[in-house]
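Me: Got a chain to go through with you. Can you take my questions as they come?
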Amino acid sequence: MQLHNLKPTPGARKDKHRVGRGHAAGKGKQAGRGQSGQTKRSKVRLGFEGGQLPLFRRIPKRGFSNVNHVEFQVVNLADLQSKYQDGEVVSYETLAARNLIKGTLPVKILAKGSLTKKLNVQIPTLSQSAIEAIEKVGGKIEVK
């Protein structure tokens, strides 16, 4: 047995009906669709309910989606306090290595918790209170 010699079992595969190709093809004249009308046409618009107001228009719409909204991964000062030593650099790479962030979403540092260690922060997005707390203990913010 070789790959180029393999064939399906006789009767296992059938040709599809070629409708609308004339009487000789076996599905001529009305192509198996019956008399004229909407169901004889090739397709009806998605969601069309015969002229009745479609479901997607009957259901009320609420709120809106802001196209300028940016979703952040949040890192708190308490997380930095527990995972970093005094004088270390806080960057995307070190945050990922310490499992504080995942994926590619941007990171924002918030001021939840307290910080007593001097850290060099290289994350561009911080809350104002987080900036004050980091600078208060002698840390630096090196925004790239």
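Reply: Terms up front: helices (H or I, at least four residues) and strands (E, at least two) are DSSP runs, numbered from the N terminus. From that end, the elements of this chain run α-β-α-β-α-β-β-α-β. This is a predicted model, where local features need pLDDT of at least 70 and side-chain atom pairs 80 or more, while totals for chains, interfaces and linings use all residues. Residues are numbered from 1 along each chain as its sequence is written, and side-chain values use heavy atoms, without hydrogens and water.

Me: How many helices and strands does the chain have?
Reply: Four helices and five strands.

Me: What order do the strands take in the open sheet?
Reply: The order is 2-4-5, three strands with parallel pairing. Two strands pair if DSSP finds at least two bridges between them.

Me: Which strands stand at the edges?
Reply: Strand 2 (89–90) and strand 5 (140–141). Each has a single partner strand, so one side of each is left without a neighbour in the sheet.

Me: And how many bridges link strand 4 and strand 5?
Reply: Two, in the parallel sense; strand 4 covers residues 120–121. V121 has I141 of strand 5 as its bridge partner.

Me: New topic. What is the radius of gyration of the chain?
Reply: 33 Å, whereas a compact globule of 144 residues would be near 15 Å. That is over C-alpha atoms; the globule rule is 2.2 Å times the number of residues to the power 0.38.

Me: How much of the chain is buried?
Reply: 19% of the 144 residues. Buried means under 20% relative accessible area (1.4 Å probe, protein chains only).

Note on methods
Buried means under 20% relative accessible area, exposed over 50%, partly exposed in between (1.4 Å probe, protein chains only).
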